[in-house]
Amino acid sequence: MTKLLADVGGTNARLALARDGDVDRDSIIRYRDRDHASFDQVLQAYLQAQGQPRLDAVCIAVAGPVTGGQARMTNRDWQISESGLARMTGVPRVRLINDLMALGYASASLPATGEAVLRPAPAHRARNGQSLVVGVGTGLNVCAVQQAPDGRIICREAEEGHTHLPANIAQALADRIGTDALRDFSSTEETFAGRGLERLHRCLHGGPAIGARALSEAAQAGEAEAMATLDLLSELFGLLLREYALRFMPLDGLWLAGSVARSLTSRADRITAAFLSQPQMRHIPQDTPLLVIRDDMAALHGCLVALA
């Protein structure tokens with residue numbers, strides 16, 4: 001039994017084969033999106049590299065909304081459909097899901113090495129079987145996860161990144177960069193994803209554009225301006241997570257994933273202070289543990305769970 005799995009993000013696509021219920025790590029190949037005109041090209045290259053394996057199921061996680069078995073990527077001009085994947089692979093069992101849903105499926109069964117605790121919550125707290133995955137990298141999105149009484153994992157699709165920036169965060173940002181510059185931070189994704197981090201740095205310090213990865217590396221090296229930018233974004237991110245804690249009540253865990261989110265976790269004290277800063281309904285964030293998905297291949301495991 002061989003299954004094809006893929007995690008198609010806004011920057012890279014990772015593909016793998018699963019055999020006998022486990023992801024074959026030796027089969028994982030990463031492709032840069034910008035080097036290919038379509039996902040079909042990526043898929044053809046991968047299948048050729050694997051010797052055209054005989055498949056019995058396919059699950060593709062995509063950075064974009066999935067409707068009626070079709071997906072249009074949010075940050076890449078690619079369209080993917082279940083019917084097209086079935087034709088290309090000859091497999092009748094095909095599932096196309098949002099990439100945050102894949103992380104949602106994975107979050108219920110991550111090994112200890114694949115997770116980290118950013119902020120614990122009281123062990124005696126009330127539990128409700130609800131958790132939330134927040135992914136921040138090239139884009140931003142969330143997936144609400146519910147564990148049913150029979151043990152099934154139910155994941156909810158969303159497009160949270162394109163919602164308006166909450167008023168309290170917009171005001172805190174305007175206080176630092178001015179109301180005119182705030183126009184470029186209209187949505188949560190435009191504020192917190194990689195390009196938002198780059199834009200925030202330019203607004204605060206001027207100078208040439210610096211990529212999100214380079215900014216994170218500069219902050220780790222102690223560069224003052226880069227550190228100041230990540231300090232501010234971490235505080236704003238804590239406020240955003242507080243909004244999500246009240247909106248989704250993920251008392252079983254609020255999981256962080258993605259390159260930008262992980263770069264902010266070194267500032268756990270600033271995130272936590274903002275997360276707990278509001279007195280209204282403070283017991284909800286207080287009882288919500290903040291966790292980090294450390295395994296870059298977690299979405300592939302989630303695809304396998306989704307097929308099950």
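Trainee: Is Arg-127 buried, partly exposed or exposed in this model?
Mentor: The model is a predicted one. A residue counts as exposed when its relative accessible area is over 50%. Arg-127 has a relative accessibility of 52%, so Arg-127 is exposed.

Trainee: How does its salt-bridge partner, Asp-252, count by accessibility?
Mentor: The range between buried, under 20%, and exposed, over 50%, is called partly exposed. Asp-252 has 23% relative accessibility, so Asp-252 counts as partly exposed.

Trainee: How far apart are the closest N and O atoms of Arg-127 and Asp-252?
Mentor: A salt bridge needs a side-chain nitrogen of Lys or Arg within 4 Å of a carboxyl oxygen of Asp or Glu. Arg-127 and Asp-252 form such a bridge, and their closest N and O atoms are separated by 3.1 Å.

Trainee: How many residues apart in sequence are the two parts of the chain that this pair links?
Mentor: Arg-127 belongs to the loop between E9 and strand E10 (130–136). Asp-252 belongs to the loop between H8 and strand E13 (254–257). The pair links distant parts of the chain, and the separation is 125 residues.

Trainee: Which residue makes a salt bridge with Lys-3?
Mentor: Lys-3 has a relative accessible area of 14%, so Lys-3 is buried. The partner has 21% relative accessibility and counts as partly exposed. The N to O distance of the bridge is 3.6 Å, and the partner is Asp-56.

Trainee: What does the pair of Lys-3 and Asp-56 tie together?
Mentor: Lys-3 is in strand E1, and Asp-56 is in the loop between H1 and E4. The pair therefore ties together parts of the chain whose separation in sequence is 53 residues.

Trainee: Which residues are joined into one network by salt bridges that share partners?
Mentor: A separate pair first: Arg-242 forms a salt bridge with Glu-243, with the closest N and O atoms 3.4 Å apart. Arg-242 is buried, with a relative accessible area of 9%. The network made through shared partners consists of Glu-189, Glu-190, Arg-195 and Arg-199.

Trainee: What is the order of strands in the open sheet of six?
Mentor: The pairing in this sheet is mixed. Its strand order is E9-E14-E13-E10-E11-E12.

Trainee: Which strands stand at the edges, and why is one side of each left without a neighbour?
Mentor: Each edge strand has a single partner strand, so one of its sides has no neighbour in the sheet. From one strand to the next, the twist averages 25°. The edge strands are E9 (115–119) and E12 (153–156).

Trainee: Which residue in E12 stands opposite Gln-146?
Mentor: Strand E11 (residues 140–147) and E12 run antiparallel and are joined by four bridges. Opposite Gln-146 stands Ile-154.

Trainee: What angle does helix H10 make with E9?
Mentor: Helix H10 (residues 268–275) packs on the sheet and touches E9 and strand E14 (290–293). The direction of H10 makes an angle with that of E9 of about 55°.

Trainee: How wide is the arc that the buried residues of H1 cover around the axis?
Mentor: In helix H1 (residues 39–49) the buried residues are Phe-39, Val-42, Leu-43, Tyr-46 and Leu-47. They lie on the same side of H1, because the arc they cover is only 125°.

Trainee: Leaving aside neighbours within four places in sequence, which residues does Glu-235 contact?
Mentor: Glu-235 is in helix H8 (residues 224–248). At 29% relative accessibility, Glu-235 counts as partly exposed. With those neighbours left aside, its contacts are Arg-270 and Ala-274.

Key. Residues numbered from 1 in each chain as written. Predicted model: local features only at pLDDT ≥ 70, side-chain atom pairs only at ≥ 80, totals over all residues. Heavy atoms only, no water. Pairing = 2+ DSSP bridges. Axes fitted to C-alpha atoms, helices over the stretch in contact; angles between N-to-C directions. Contact = heavy atoms within 4.5 Å. Buried < 20%, exposed > 50% of the residue type's maximum accessible area, 1.4 Å probe, protein only. Arc of directions from axis to C-beta.
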